[in-house]
There are 2 protein chains.
Amino acid sequence: MGKDSYNIPDIIIGRLPVYYKYLKNLQKSNKKYVSSEELAQLTGFSSSLIRKDLSYFGTFGKKSYGYDIFCLFQQINIIMGFNYQKKIILIGAGHLGQALAYNKGYFERGYELTAIFDKNPNLIGLVINDIEIKNINFLEEFIKNNEVDVAALTVPGAAAQKITDRLVTAGIKAIWDFTEVPLKVPDDILLEEQLINEGLCKLSVKMNQIRINDSEIE
Amino acid sequence: MGKDSYNIPDIIIGRLPVYYKYLKNLQKSNKKYVSSEELAQLTGFSSSLIRKDLSYFGTFGKKSYGYDIFCLFQQINIIMGFNYQKKIILIGAGHLGQALAYNKGYFERGYELTAIFDKNPNLIGLVINDIEIKNINFLEEFIKNNEVDVAALTVPGAAAQKITDRLVTAGIKAIWDFTEVPLKVPDDILLEEQLINEGLCKLSVKMNQIRINDSEIE
């Protein structure tokens, strides 16, 4: 992949999940090649930006055909590390946590959900998608005895920092954060905030603009 | 708000949910002012970018104190249209759909969840968070008789385009899309794709880089 790929800029990393989504779906079609212009139409990114991003990974499209969809998808998978097995645990078995227990997105990305934790006695012992909800008291013991790469956090905001501190102390290096509160972690911990309502926010901004513009016209 | 705010660039709209999250939490603290440097530390955006974004909305921080947190939060709310009531319906009452039925993020953003639809006879009639799951057959009738601003889509990928076409024909103007398949909509329809596994992808990329770098060192 070349030395460049050792430190992919965050701005490009932010676009990788979008490339992945569309290439995954192009794979299912009977198309063999895709042009940067077609990718631009799908992703909303400019074709020049796309060519720049993909050339960053040493990908070369055939001028006449465009990019080989299969090769490009394989390459994106490798760059994203989806070809390596990673173990994830889920902290918080509330409504969102339970939905994430059934998330079909893990396997294709090389993740395996290995445990679910909660402190609610009514949830502990329940089996969700073949995984039994464990008592949060056993969190540290489980992390100590099992290789865990990522912890998904869906606990209430009030408990988020406390649980985060426990995860960090227990040796977790990456946190997938669904709590909408700011979390403090040491510099060597990877923290990805998943703003579940991000799309709802963007829609509201755009609908508001249309509303304002319409009221101007009237 | 000034004419500029009529057409906020997508790049800035993309950062608004992040500003909103941190300002919401700063509100709960007893701080009165926040500097662009403090916001930079929280959001990961550069302080100059933040000053540029906020000045775009005509916000001026006191040089000595920084930005008034309350005023800035109110202004962000107005720009995001959270002060206007919007009605949302949910299509697909599977695991993710049910989690979204309990989503606490609607009210603070001016959204009201007014209906949930599914085609599964085992789900139709069930009450989730005080809302009864309706038969998808009544989708068009409901949209006709009720003002619906946004439809959240959590149906299986195979059904996504068909349901989207029905929503568009029924007059829905904004779709919050959780299906990880590309959807075709007319140009006048707002479509926001919520990639639920985006954070998982980013973590994988970064963990993969660390893995590669470590193996280089060994």
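## Symmetry of the two chains

In this predicted model, chain A is superposed on chain B by a rotation of 180 degrees with 0.0 Å of shift along its axis, the RMSD being 0.0 Å. That is the relation of a two-fold axis. The same surface serves both copies, since 100% of the contact residues of chain A recur in chain B. Among the residues of chain A, A:Ala99 comes closest to the rotation axis, its C-alpha lying at 3.1 Å.

## Domains and the annotated region

The domain assignment divides chain A into domain 1, covering residues 5–79, and domain 2, covering residues 86–197. The C-alpha centres of domain 1 of chain A and domain 2 of chain A are 31 Å apart.

An unreviewed UniProt entry places the feature "DNA-binding region" at residues 18–57 of chain A. Over residues 18–57 of chain A, helix accounts for 72% of the chain and strand for 5%, while the end C-alpha atoms are 16 Å apart.

## The interface

Chain A contributes 68 residues to the contact, and chain B contributes 68 residues. About 6200 Å² is buried between chain A and chain B, with carbon and sulfur atoms giving 64% of that area.

Polar interactions are also found between the chains: across the interface of chain A and chain B there are 34 residue pairs in polar contact, both residues at pLDDT 80 or more, and 8 salt bridges. A salt bridge joins A:Glu180 to B:Arg109, where the closest N and O atoms are 3.2 Å apart. Helix 10 of chain A (residues 198–217) supplies 17 residues, the largest share of the side of chain A that touches chain B.

Conventions. Residues numbered from 1 in each chain as written. Chains lettered and ligands numbered in written order. Predicted model: local features only at pLDDT ≥ 70, side-chain atom pairs only at ≥ 80, totals over all residues. Heavy atoms only, no water. Least-squares fit on C-alpha atoms with pLDDT ≥ 70 in both. Contact = heavy atoms within 4.5 Å. Domains from an automatic or database assignment. UniProt positions renumbered as here; feature names shortened; annotations may be inferred. Helix = DSSP H or I, 4+ residues; strand = E, 2+ residues; numbered from the N terminus. Buried area = accessible area lost by both parts, 1.4 Å probe. Salt bridge = Lys/Arg side-chain N within 4 Å of Asp/Glu carboxyl O. Polar contact = N/O pair within 3.5 Å; in protein donor to acceptor, adjacent residues only side chain to side chain.
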